[in-house]
Amino acid sequence: MQVKRDIIQGVINRAKTAVRNYGENAQIELPAELVKNICQSLNAERYRLAQLNKKYSKLKQQFESYSG
């Protein structure tokens, strides 16, 4: 866990320096491990939302069939 914090803090520090030096045109490279973790988190969230959407659709169909 400390390693991730160190990586993230390093990225934050590089971003601050880049913004100071280049303003809104600043660009930084993100460590591959951080990008991988971000992508995994986004995929997990997308899957979770898809599951919720399926449940919502089923409930909506049931409600419409009862009220229809």
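1. Before anything else, a word on helices: here a helix is a DSSP run of at least four residues, with the numbering starting from the N terminus. Keep in mind as you read that this is a predicted model. The protein chain has two helices and zero strands. Its radius of gyration is 21 Å, well over the 11 Å that the globule rule gives for 68 residues, so the chain is more spread out than a compact globule.

2. You can see the spread in the box that the C-alpha atoms fill, which comes to roughly 65 × 30 × 15 Å along the principal axes. Buried residues make up just 4% of the 68 residues in the chain. About 6300 Å² of the protein chain is exposed, and carbon and sulfur atoms supply 56% of that area.

3. Now look between the helices. Leu30 sits in the loop that runs between helix H1 (2-22) and helix H2 (32-67). Is Leu30 buried or exposed, or partly exposed? Its relative accessibility is 40%, and since "partly exposed" covers the range between under 20% (buried) and over 50% (exposed), Leu30 counts as partly exposed.

4. Leu30 also has company on the surface. Together with Ile28, Val35, Ile38 and Leu42, Leu30 forms a nonpolar patch there. Added up, the accessible area of these residues is about 400 Å².

5. On to the charges. The chain carries 12 positive and 6 negative side chains, and the centres of these two sets lie 7 Å apart. How many salt bridges does the structure hold? The count is one.

6. That salt bridge joins the side chains of Arg48 and Glu45, at 2.7 Å from N to O. Both residues lie in helix H2, and they are three residues apart, which is about one turn of the helix. Arg48 has a relative accessibility of 41%, so it counts as partly exposed. Glu45, with a relative accessible area of 33%, is partly exposed too.

7. Stay in helix H2 for a moment, because Lys55 has its place there as well. At 56% relative accessibility, Lys55 is over the 50% cut-off and therefore counts as exposed. Try finding Ser67 from there: Lys55 and Ser67 are 12 residues apart along the chain, and their C-alpha atoms are separated by 18 Å.

8. Finally, hop over to helix H1, where Arg14 lies. Arg14 has a relative accessible area of 40%, which means it is partly exposed. What separates Arg14 from Lys36, in sequence and in space? The two are 22 residues apart in sequence, and 19 Å apart in space from C-alpha to C-alpha.

Definitions and conventions:
Residues are numbered from 1 along each chain as its sequence is written. This is a predicted model: local features need pLDDT of at least 70, side-chain atom pairs count only at pLDDT 80 or more; totals for chains, interfaces and linings use all residues. Side-chain values use heavy atoms; hydrogens and water are left out. Patches are made of residues with over 30% relative accessible area and no salt bridge: like charges are joined within 9 Å, nonpolar side chains (Val, Leu, Ile, Met, Phe, Trp, Tyr) within 5 Å. Accessible areas come from the Shrake-Rupley method with a 1.4 Å probe; for residues, only the protein chains shown count as cover. A salt bridge is a side-chain nitrogen of Lys or Arg within 4 Å of a carboxyl oxygen of Asp or Glu. Buried means under 20% relative accessible area, exposed over 50%, partly exposed in between (1.4 Å probe, protein chains only). The radius of gyration is taken over C-alpha atoms; the globule rule is 2.2 Å times the number of residues to the power 0.38. Lys and Arg count as positive and Asp and Glu as negative; His and the chain ends are not counted. The place of a charge is taken as NZ of Lys, CZ of Arg, CG of Asp or CD of Glu.
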